[in-house]
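Welcome! Let us take a walk through a protein model together, looking first at its charged side chains and then at its nonpolar interior.

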Amino acid sequence: MKTALITGGSKGIGYGVAEVLLAAGWRVAITGRNVVQVEESARKLNLINAGHAIGLVADVRDFKQQQDAVNKLLQTWGQLDVLVANAGLGHFGSIETISLEQWHETIDTNLTGVFYSIKACLEALKKSQGYIITIASLAGTNFFAGGSAYNASKFGLVGFTQAVMLDVREHGIKVSTIMPGSVATGFNNHETSSKDAWKIQPQDIGQAVLNLLTMNPRTLPSKIEIRPSMPPGK
């Protein structure tokens, strides 16, 4: 049975990916910063496949916490086959108004946090000849006003992931980045409702992850853009 580590897996896209992988028979470890939320999410995930989900408290901005999370996963299950580097956040505003703290939190989470996650997982993934999947965004190729910090983090993440793909393929590790458009999550304090039905659902990203993991090993979709098929007014 294969094992996945999903950062930021207690809600949103990460939780949707965990649901899909568990339903497909995987073991899944999710991480997050909020201990109550992580434990509750792990409890609910175990209703899908009892005993196959664990919650680990870890902040991707702290390398030691990432190392500790990987070590706990390995102590529990003995192997790591897939890292889904999903944890992310967004601060938006003009370059005139965005604060130094907002800039650093965005870059440290969305870009440096992925670097830390991959570094912490790399030796285990070499052993399993595993897979690294980063969750970027269409904002990684499409810039917009008020998006200086978020665009910088996601443009950087797309380039970083592609370079890592070239670095580690000699070890048999595959690397892909998924770039979603509008997803129905609580991202940026958004309250989801029936009005979000047109958006990509978190489980749709989970299905894309599963598709990558079940593809013939000779083939590598290194960058995937995902959009809602029928946005309003189209």
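The paragraphs below begin with salt bridges and then turn to the nonpolar cores. Please keep in mind that this is a predicted model.

A good place to start is with charge. Side chains of opposite charge can pair when their charged atoms come close. How many salt bridges does a search of the whole structure find? The search finds seven, and a few of them are worth visiting one by one.

Find R61 first. One of its partners is D59, and the closest N and O atoms of this pair are 2.9 Å apart. The two residues do not sit in equal surroundings: R61 is partly exposed, with a relative accessible area of 30%, whereas D59 has 15%. D59 counts as buried because its value falls under the 20% cut-off.

R61 also forms a salt bridge with E105, where the closest N and O atoms are 3.6 Å apart. This pair links distant parts of the chain, for its members are 44 residues apart. R61 lies in the loop between β3 (53-57) and α3 (63-77), while E105 belongs to helix α4, which covers residues 100-128. Like many a residue you may click on, E105 can be described by its accessibility: it is partly exposed, at 24%.

Now move along helix α4 to K126 and E123, which are three residues apart there. Their salt bridge has its closest N and O atoms 3.3 Å apart. Why can these two be described as one turn apart? Because they are three residues apart in the helix, about one helical turn separates them. K126 is partly exposed, with a relative accessible area of 29%. Looking back at the earlier pairs, salt bridges that share partners join D59, R61 and E105 into one network.

Next, turn to the nonpolar side chains. In soluble globular proteins, nonpolar side chains tend to be buried together. Here, the largest nonpolar core has 30 residues, and L5 and L83 have the most contacts inside it. At least two residues of this core come from each of β3, α3, β4 (82-85), α4, α5 (148-168) and β6 (174-180). Helix α4 gives the most, with seven residues.

L83 makes a handy viewpoint. Leaving aside its neighbours within four places in sequence, L83 is in contact with nine residues' worth of company that includes L5, T7, S117, I118 and C121. Finally, there is a second, separate core of 29 residues, with L22, A53, I133 and I135 among them.

How values were computed: Residues numbered from 1 in each chain as written. Predicted model: local features only at pLDDT ≥ 70, side-chain atom pairs only at ≥ 80, totals over all residues. Heavy atoms only, no water. Salt bridge = Lys/Arg side-chain N within 4 Å of Asp/Glu carboxyl O. Buried < 20%, exposed > 50% of the residue type's maximum accessible area, 1.4 Å probe, protein only. Helix = DSSP H or I, 4+ residues; strand = E, 2+ residues; numbered from the N terminus. Core = buried A, V, L, I, M, F, W, Y, C linked by side-chain atoms within 4.5 Å. Contact = heavy atoms within 4.5 Å.
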